[in-house]
Amino acid sequence: MDKVAGLPGSQCDTFSPAILNSLGQKALRLSVQQIENCIPGSVLASSLPSLSKVQGWDPEQAGTILEKLFSSGYQLRVSYLQIQDGQSLAALGSLVVGLSHTSLESIPAQVVLDAVKVPSFAKQLETMPPTVKTAFVEKLVAATAGFNDLVKYTPDGLVQYIPKSLLVPGDTFNIQDLNDKPWTPEQAEMLFSDIIKRVPEIHSLSPSILQGVTCAVAANMDDERFQQLLSVLGQKNVQLSEEQLSCLAKKVLLSGPLEDLNNYPKDLFLFLRPSDLAAGENCKEYVTRVGKANIGVLEKDSPQRKQLLSEGLACLDIHDLQVTKEDAAILGHLVCDLGADYITASGNNFLTQLNQCQSFTPEQIKAIQTLLSSGRTSFGLPSTWSPSTLEEVSGLLHIFDHSILQSIPANVLKPWLKDFLHHSHMPTEQLASVVKNLQPSRLKRSEGCPADKTITPEVLDDELMPLDYNNEELRQCLNDTTLQANLNKISSYAFTEEQLLVLKEKLDRIYPTGYPDSVIRDMGGILSIMTPEDIKKWKFNSPDTLITLLDNAPNDEVARGIIQVYGKDGGRFDGAVLDAVGGRYMCSLTQDQLKTITENAIKSAKTLNIGGCPQTTKVILYPKAKRAYSDRHNEFPAYYNLIKPFLGGAPGDDLRALSKNNVNMDINTFKGLRNDAVMELTPTDVRHLLGINLEELKTQQNDPFIRDWIVKQKQSELDSLALGLRGGIPDGYIVVPREEKNQTSGAPRAATIAHLLHLFPAFLLTLSLASFLS
């Protein structure tokens, strides 16, 4: 059976419907070359019922099967291979992953709608490439009669691809259908305002909807309903962003005495101070609440996190490096920010809590490694660890060094690791670090592949394959044919950088003039060792290839190179591509590429954030976005949620218009606005623009951007904000702008320098001189 399952040396004449039907999941071992050259279309057609049930098809494999079916004359005689109705489309089952954006365009929208009503087929759509998911949603939009039907019939795997601009619940909607869908936070923001107005019982809303709470909506709630909202958010453990939590905390403090603290969202306490809590609560109770919160909401080493840890240590009267188990339990997640000295001195008391931390500094990592290697912990020396021990420290696995991993008994570690990977989501790069540290320090060169290292289908199916082959064994045992036929699978495994270089050497030899699109798309982790010079040799303009590459791009330089190759070869920047490029890489697009982005592409994109881009990028995209969402221009907060990512390019007039609609802009969005546009705003404009977030001007008054604005305002108008802002223009002074020479475009400081002239004393001096001389 292995011979016909895609191994080198398989014979074409062995394939028949009976063999294909008997393969089951082993059909995944069929190479693209075998499907193309060895299996007649009639055999594939006869085997479609079984092939459509195989889970895990690579898009290229499935695409080759479908292309062969649809392009052969045989399909004309088989009605179910012609996509004329929903049942025919649904019959493709798991092979639907091979449908291309182009092939889907020829399928009637009603056929797509009928097919997604089949539950088993709808589930298969989750495996499709992003561009095809987008195309499916476009078909559903065309086939459904408005918002309610679109929500009802869109499968869960496609929900996040519904453009935000279409999420208009209106006056009537089915709350159960909305509750059942896995909305993204950005989509939920679009829905929340309409839903909260028309649903009296907040507790009836799902976490998927509740995660869309916006500052504008919360700020305008009456106190009783706001308290209900807080209680429901806490009870349902709704995950919220820093911006949302910060706004809710401000509203809490404006709503009078805090009540029912146990029902508040636990992460809310990251934005409250001990003095904000109800009378009777001591600081330990406050620190306990903070310790239960997810401090990952705040950036590591941010001032807020440092302040929280400092308050916690002071409250517990910890003035040396000794942290007891009792104190560690109170500190909770705050122990993740304890320095290396604390870990060295008393880390055994909170080691299991460190196991839950999201990240560590290099100093913390070194201290943890030293502590574990010493055996001075409750776990003992690594050489004595059992599977249960490994389970307890599994969160620290990615920072184990060579010494620790080599000390753990091999007959304990490898079986445990295999099981661990099946129920965890350890990032590939972290697992690669483990593989590197498990390999011997010295590798022997071998002549040919050792007999016990033959690469069989079972070896290829083992995600821990990198552990079993050192660099030289991989070079000798992995032949070119096997690599080509299984590249997608092999490149997804956690090989070390040295092992990846071996794979790259082989690919460079096979494709000396540059990789074809099929190889580029299946490169996976090999992309991490590609240089800009390598990338320049590539040629591709497939959106799916671009999206796959950006998902695996190791750094911004490589990503920028990939985007430039894609654009140079004529790749289009539609909604799905813009989602992949996102805010992180949007700044890499040239002005010519930005100009090719259509208003429809912006409207169909899920979310974009161009706050960190050059001013030229913002100025080009903002007018496009404004036109794209012009049909929602008078709908707030919907319009604000749509236009917000692009506001960095908005002129002053548009910002003043927004200020009249209670948008409650967060301070980070404000700081990302055009400098010249903000300088046009008066303190009254800014008051109305920021709303509940106005006090942030005081806490960030030393930020250069905000300082520039302050010194341009009349002090009397600043005083009207009642924030204690100082540095404005005293009454009786005027600002005379003077152009600054050699001012660069997009500089963070203002393009003019204000010169203050005191007019009244000058006027008196003039009168005195005139009187004296007369």
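The chain of this predicted model contains 50 helices and 2 strands. Of its 774 residues, 51% are buried, and among contacts between residues at least 6 apart in sequence, 66% join residues at least 24 apart. The paragraphs below follow helix packing, then the aromatic rings, and then three individual residues.

Two packed helices are described by the angle between their axes and the distance between the axes. Helix α8, which spans residues 109–116, and helix α10, which spans residues 130–143, have axes that come within 8 Å and cross at roughly 105°. Because angles of 65 to 115 degrees count as roughly perpendicular, α8 and α10 are placed in that class with respect to each other. On the α8 side the contact is made by Ala109, Gln110, Val112, Leu113 and Val116, while α10 contributes Phe136, Lys139, Leu140, Ala142 and Ala143. Sorted by character, the residues of this contact of α8 with α10 comprise 8 nonpolar, 1 polar and 1 charged.

Helix α10 also packs with α36, here at an angle of about 125° and with the axes 8 Å apart. That angle makes α10 oblique to α36, whereas α10 and α8 are roughly perpendicular. In this second contact, Pro130, Thr131 and Val132 of α10 meet Pro543, Asp544 and Ile547 of α36. The residues of the contact of α10 with α36 divide into 4 nonpolar, 1 polar and 1 charged.

Turning to the aromatic side chains, a search of the whole structure finds 9 aromatic pairs. One of them joins Tyr511 and Tyr515 in an edge-to-face arrangement, with 6.2 Å from centre to centre and 65° between the planes. Tyr511 and Tyr515 are both buried, and ring pairs link these two tyrosines with Trp538 into a cluster.

Another aromatic pair is formed by Phe540 and Tyr566, whose rings are tilted, with a centre-to-centre distance of 6.1 Å and an angle of 40° between the planes. This pair links distant parts of the chain, since Phe540 belongs to the loop between α35 (532–536) and α36 (543–552), whereas Tyr566 belongs to helix α37 (residues 556–568), 26 residues apart. Phe540 counts as buried because its relative accessibility is 3%, and Tyr566 is likewise classed as buried because its relative accessibility is 0%.

Aromatic rings also take part in contacts with lysine side chains. Lys117 lies over the face of Tyr153, at 4.8 Å from the ring centre. In a second case, the charged end of Lys251 sits over the ring of Phe226, 5.7 Å from its centre.

Three individual residues show how local position and contacts elsewhere in the sequence go together. Ser206 is located in the loop between α13 (185–198) and α14 (207–210). Ser206 is classed as buried because its relative accessible area is 11%, the cut-off for this class being under 20%. When neighbours within four places in sequence are left aside, Ser206 is in contact with Asn179 and Lys236.

Leu309 lies in helix α19, which covers residues 303–315. With a relative accessible area of 11%, Leu309 is buried. Neighbours within four places in sequence again being left aside, Leu309 is in contact with Leu334, Asp337 and Leu338. Of these partners, Leu338 is 29 residues from Leu309 in sequence, and the C-alpha atoms of Leu309 and Leu338 are 8.0 Å apart in space.

Ala677 is found in helix α45, made up of residues 675–679. Because its relative accessibility is 0%, Ala677 counts as buried. Ala677 touches Ala650, Pro651, Gly652 and Leu655, not counting residues up to four places away in sequence. Within that group, Gly652 is 25 residues from Ala677 along the chain, and the C-alpha atoms of Ala677 and Gly652 are separated by 4.2 Å.

Terms used
Residues numbered from 1 in each chain as written. Predicted model: local features only at pLDDT ≥ 70, side-chain atom pairs only at ≥ 80, totals over all residues. Heavy atoms only, no water. Phe/Tyr/Trp six-rings, centres within 6.5 Å; stacked < 30°, edge-to-face > 60°. Buried < 20%, exposed > 50% of the residue type's maximum accessible area, 1.4 Å probe, protein only. Helix = DSSP H or I, 4+ residues; strand = E, 2+ residues; numbered from the N terminus. Lys NZ or Arg CZ within 6 Å of the ring centre and 35° of its normal. Axes fitted to C-alpha atoms, helices over the stretch in contact; angles between N-to-C directions. Parallel < 35°, antiparallel > 145°, perpendicular 65-115°, else oblique. Contact = heavy atoms within 4.5 Å. Nonpolar A, V, L, I, M, F, W, Y, C, P; charged D, E, K, R; others polar.
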